[in-house]
Amino acid sequence: MAVSPVPSVAAPQGHDADVIVVGAGPAGSTAAHHLAAAGRSVLLLEKTAFPREKVCGDGLTPRAVVELEHLGLKTPAADGWLPNRGLRLMGGLDGGRRVRMEVAWSEVSDGPAHGLVHTRARFDEALARHAVAAGAELRERTSVTGPVLDERTGQVVGVRVRRVDEKGRRVGDEQVLRAPVVVAADGVGGRLALALGLHQRPDRPLGVAVRTYFRSPRHDDDWMESWLELRDKPTGSRPGAQLPGYGWVFGVGDGRSNVGLGVLDNTAGAADLDYRDLLRRWISSMPAEWSFTPEQQDGPVRGAALPMAFNRTPHYTRGVVLVGDAGGMVNPFNGEGIAYAMQSARLAARSIDEALAAPDPVARERALLTYPDAVRADLGGYYTLGRVFVALIAHPEVMRIATRYGLPRAGLMRLVVKLLANLADPTSRDASDRVITALQRLAPAA
């Protein structure tokens, strides 16, 4: 949403803001910035206080860099933004041989030729402060306890909130904040959506990610590294089955590496998988000189769910717009969430801005309904392909064959990286771009 900053206007009579945004993660802060820059009064509510931890790989692909450019947010190295050149793929083949392949972003992206790494503790705060600079009002330690409904229409016309103390306990009296539109950016738990009866869809994939930090000489590696050889525990003389997921090693640039893994959670046996033990066993295979040892570990292992492929819909209902993880926007091909959280928020802000300019409630509702159509048009076909991909790699033999025969082929892997990172250019005449674009157009945007 390209807009020129203009002075914010006062909230309409009887309201506390034009828009209330619940959650100041990447989706919420992005929506707040775009709307505030368009002159809308925005309340951005965050139940914790910055800086705060979030489970993430901290890696940003060129798609996320594009969204940062839409925001006009600068990313200087002096502020801890570490550029990376591309994706390094690591995989084990039969016989114990390991294959390494590097695919530069410049080879597969017609946009920015670099990605970034920035810890979520710093990233989320940078986006929230950027929204404030555009005119949004940020209220930290403010917990949303539920929606406020219009008794006549059933529309959401605001939220109930309570203050939160430093220990995360709700304190003080409940207050009511009102706005014509509410943005649910409250993450995978989606409490606001749940209060409206919007549950996660069982026909959509879900992943689990766990990660920690290590002090390591690899902290300034300028490649995002993915390992395609996660295995379950061996049984007897048989090696463990290859799991549908990957491990990562991302240098943070501050003396630490972010080391973690992501695995599909809706596959046979996943419920019994000890993800923290899997991370420990995988890390134990790393070279000693990398210092991924208990003595060099910096912080606990933390985990989080990855809601994929629109796993909560509809994305608009009764005055509430769902963005980011609350709407299940994570890419099912690679578990990337930040770029899609920001993209969905940008699209939502455009529809909300048009709705607030509408002359009557009917026109406002019509404008808000353009948001789910827009996000489905942009991502629906791609996410349908992703669900097919998820169903295939759920079979260990498919993962084994793909790793064994795919990794050694540079041309094929460039196409795969372009597909996994959603970097195909629909206007390009490149063969791989044309193949991926055609597949997305053929896939139903469900």
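Here a visitor and a guide talk through helix packing, sheets and an aromatic pair in a predicted model.

Visitor: Let's start with helix 2 and helix 7: at roughly what angle do their axes cross?
Guide: Helix 2 covers residues 62-71 and helix 7 covers residues 338-356. Their axes come within 8 Å. The two helices are therefore oblique to each other, with a crossing angle of roughly 40 degrees.

Visitor: Is that crossing of helix 2 and helix 7 left-handed or right-handed?
Guide: On the helix 2 side, the contact residues are Arg63, Ala64, Glu67, Leu68, His70 and Leu71. They meet Ala339, Tyr340, Met342, Gln343 and Arg346 in helix 7. By class, that contact splits into six nonpolar, two polar and three charged residues. As for the sense in which helix 2 passes helix 7, the crossing is left-handed.

Visitor: Helix 1 meets helix 7 too, so how many nonpolar residues are in that contact?
Guide: Helix 1 (residues 26-37) and helix 7 have axes that come within 8 Å and cross at roughly 35 degrees, and this crossing is right-handed. Pro26, Ala27, Thr30, Ala31, His34 and Leu35 of helix 1 touch Ile338, Ala341, Met342, Ala345, Arg346, Ala349, Ile352 and Asp353 of helix 7. Two of the residues are polar and two are charged, while the nonpolar ones number 10.

Visitor: What about helix 11 and helix 12: which residues of helix 12 make the contact?
Guide: Helix 11 (residues 410-420) and helix 12 (residues 431-442) have axes within 10 Å, crossing at roughly 40 degrees, and the crossing is right-handed. Helix 11 brings Leu415, Lys418 and Leu419, and from helix 12 come Ser432, Asp433 and Ile436.

Visitor: Now the sheets. In the open sheet ordered 9-10-11, which strands stand at the edges?
Guide: Three strands make up this sheet, and the pairing is antiparallel. Neighbouring strands are turned by 25 degrees against each other on average, direction ignored. An edge strand has a single partner, so one side of it is left without a neighbour in the sheet; that describes strand 9 (142-149) and strand 11 (170-178).

Visitor: Which residue of strand 10 stands opposite serine 143?
Guide: Strand 9 pairs with strand 10 (residues 156-164) in the antiparallel sense, over seven bridges. Opposite serine 143, strand 10 places arginine 162.

Visitor: There's also a sheet of six strands. What is the bridge partner of valine 182?
Guide: That open sheet runs in the order 8-2-1-12-19-18, with mixed pairing. Strand 12 (residues 181-184) and strand 19 (residues 320-322) run parallel, joined by three bridges. In strand 19, the partner of valine 182 is valine 320.

Visitor: What angle does helix 1 make with strand 2 in its packing on that sheet?
Guide: Helix 1 packs on the sheet by touching strand 1 (19-22) and strand 2 (42-45). Between the direction of helix 1 and that of strand 2, the angle is about 165 degrees.

Visitor: Last one: why is the pair of tryptophan 227 and tryptophan 290 called edge-to-face?
Guide: This pair belongs to a structure that holds 12 aromatic pairs. The ring centres of tryptophan 227 and tryptophan 290 are 6.1 Å apart. The pair links distant parts of the chain, 63 residues apart: tryptophan 227 is in strand 14 (residues 224-227), and tryptophan 290 is in the loop between helix 6 (275-283) and strand 17 (302-307). Planes over 60 degrees apart count as edge-to-face, and the pair earns that name because its planes stand at 80 degrees.

Note on methods: Residues numbered from 1 in each chain as written. Predicted model: local features only at pLDDT ≥ 70, side-chain atom pairs only at ≥ 80, totals over all residues. Heavy atoms only, no water. Axes fitted to C-alpha atoms, helices over the stretch in contact; angles between N-to-C directions. Helix = DSSP H or I, 4+ residues; strand = E, 2+ residues; numbered from the N terminus. Parallel < 35°, antiparallel > 145°, perpendicular 65-115°, else oblique. Left-handed = near helix turned anticlockwise from the far one by under 90°. Contact = heavy atoms within 4.5 Å. Nonpolar A, V, L, I, M, F, W, Y, C, P; charged D, E, K, R; others polar. Pairing = 2+ DSSP bridges. Phe/Tyr/Trp six-rings, centres within 6.5 Å; stacked < 30°, edge-to-face > 60°.
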